[in-house]
Amino acid sequence: MNVLEINAATGEVIERDFTVEELAQRELDAAAEAERVAAAEQAEAERVAARESAMLKLAALGLNESEVAAIVGGV
Amino acid sequence: MGNIRLYGSTSGYTELAPPAVAPDGVLSLPTGTGTLATQASVGLVKIVDQSFTAASSVSVNNCFTSDYKNYCMVIDCVASADVGISFRLRASGTDRTGANYNYQRLYADGTTVGATRVSSGTTGRIGVAFTAQNGLVCHVFNPFDSALNTSTVSQVSYAYNNISLESFANRYAVNDSNDGFTIYPSSGNITGTLRVYGYQN
C-alpha cells in the first residue's frame with residue numbers, strides 16, 4: 001500500500017509506505033466501515049420489508065398498483 | 001503599429017504583438033500612480049495540482065492557510081473497486097482521527113433516492129469512486145480558522161447503473177485550525193488527479 005504526501009508550500013511530493021501508526025488506524029477504519037455497512041444493509045432490508053408489507057395492506061383496501069405507487073412513491 | 005517589448009530587470013523580455021488584422025479597440029493603461037491588476041483579483045487560485053497512481057491514501061499538507069477562508073477540491077479518479085472516499089483533516093502533517101466527524105449522505109440512482117447519516121465518526125466522507133471514471137467536487141469551509149468548525153459540501157458523479165449522483169455534507173465538530181487533509185478509499189486504491197483551489201476572500 002502506498003501513501004502519497006504532498007507539501008503544498010514547497011511542492012515536495014513523497015511516496016511512501018504507511019507508518020505503523022497509520023496502518024493500525026487503517027485497520028480500525030476498515031473494521032468501522034464494515035460495521036457501518038452491515039448496519040446500513042440491515043436497516044435497508046427492514047425498510048424494504050416494511051414497504052412491501054404496507055403495499056400489501058393498501059392493496060387489501062382495494063387500491064390498484066398505480067394508486068399504491070402514487071402514494072408510496074419510488075422503490 | 002509595431003510590437004511592444006517589456007524588458008526584465010536582468011535579461012529577457014515579453015513582447016506584445018498586435019494581431020494580423022487589427023481590431024478596432026483601445027487598450028487603456030493607467031495614468032499617474034495607477035497600477036495594473038494583479039492575481040489578487042482572480043476568483044480561484046490553484047494551490048495543488050497532483051496526479052496519483054494506485055494510491056491507498058493521498059495527503060496534502062500546508063494547503064489551508066490564512067490566505068483563503070474557503071477552498072475547492074476537484075478530483076477525477078478511478079478506483080480499484082467500488083468504494084467510498086473518506087476524508088480527514090490534518091494538522092502539522094498528522095491526520096485528525098478523533099471521533100468528531102459527522103456526515104450526511106444523499107444519493108440518487110434513477111428514481112431511487114436515499115439518505116444516511118454518520119455521527120461522531122473517526123472519519124468523514126466526501127464521495128464515492130467506482131472502477132469507471134468518477135468526477136468529484138468538494139467545497140471546504142473555514143478549515144484554517146481555529147474559531148470555527150470545518151465543514152464541506154461535495155457532489156460526485158459516478159457510473160453506477162450508467163449514472164448516479166451522491167451528495168455529502170461534512171462537519172468536523174471541533175474548532176481547530178487545520179492546514180491539510182487526507183483522502184483515501186475505504187478499500188483498495190485510487191488513480192487520478194487532485195486539484196485544490198483557494199476561493200479569493
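**Group meeting: chains A and B, contact and strand pairing**

Over all chains, the structure holds 13 salt bridges. This is a predicted model, so please hear every value as computed from it. One of those salt bridges sits inside chain A: R36(A) pairs with E33(A), and the closest N and O atoms are 3.0 Å apart. Both residues belong to helix 1 of chain A, residues 20-60, and because they are three residues apart there, about one helical turn separates them.

Now the contact between the chains. Three salt bridges are counted between chain B and chain A. One that I can show you joins the side chains of R90(B) and E5(A), at 3.2 Å from N to O. Apart from charge pairing, there is the polar count: 15 residue pairs are in polar contact across the interface of chain B and chain A, with both residues at pLDDT 80 or more.

Which parts of chain B supply at least two residues each to the side that touches chain A? They are strand 3 (44-55), strand 4 (57-61), strand 6 (83-91), strand 9 (112-121) and strand 14 (180-185). Strand 3 of chain B gives the most, with eight residues. By type, the residues on that side of chain B divide into twelve nonpolar, 15 polar and three charged.

As for extent, 30 residues from chain B and 18 residues from chain A take part in the contact. The buried area between the two chains is about 1800 Å², and carbon and sulfur atoms give 45% of that.

There is also strand pairing from one chain to the other. Strand 1 of chain A, residues 3-7, runs parallel to strand 4 of chain B, and five bridges join the two. Within that pairing, L4(A) has V58(B) as its bridge partner.

L4(A) has a partner in chain A as well: E15(A), in strand 2 of chain A, stands opposite L4(A). Strand 2 covers residues 13-16, and its pairing with strand 1 of chain A is antiparallel, over four bridges. Five residues lie between the strands of this hairpin, and among them I will point out G11(A), which takes a positive phi near 85°.

Next, strand 13 of chain B, residues 164-172. What does strand 13 pair with through nine bridges? That is strand 12 of chain B, residues 150-158, in the antiparallel sense. T150(B) stands opposite Y172(B) in this pairing. The hairpin made by strands 12 and 13 of chain B has five residues between the strands, and N161(B) takes a positive phi near 50° there. Strand 13 of chain B is also joined to strand 8 of chain B, residues 101-109, by eight bridges, and these two strands run antiparallel. Here R105(B) stands opposite F168(B).

Last, the aromatic rings. A pair of aromatic rings is described by the distance of the centres and the angle of the planes. Over all chains there are nine aromatic pairs. One of them is F87(B) with F181(B), a stacked pair at 6.2 Å centre to centre, with 25° between the planes. F87(B) is in strand 6 of chain B and F181(B) in strand 14 of chain B, so this pair ties together parts that are 94 residues apart in sequence. Those two strands were also on the earlier list: strand 6 and strand 14 each supply at least two residues of the side of chain B that touches chain A.

That is the end of my section.

How values were computed: Residues numbered from 1 in each chain as written. Chains lettered and ligands numbered in written order. Predicted model: local features only at pLDDT ≥ 70, side-chain atom pairs only at ≥ 80, totals over all residues. Heavy atoms only, no water. Contact = heavy atoms within 4.5 Å. Buried area = accessible area lost by both parts, 1.4 Å probe. Salt bridge = Lys/Arg side-chain N within 4 Å of Asp/Glu carboxyl O. Polar contact = N/O pair within 3.5 Å; in protein donor to acceptor, adjacent residues only side chain to side chain. Nonpolar A, V, L, I, M, F, W, Y, C, P; charged D, E, K, R; others polar. Pairing = 2+ DSSP bridges. Phe/Tyr/Trp six-rings, centres within 6.5 Å; stacked < 30°, edge-to-face > 60°.
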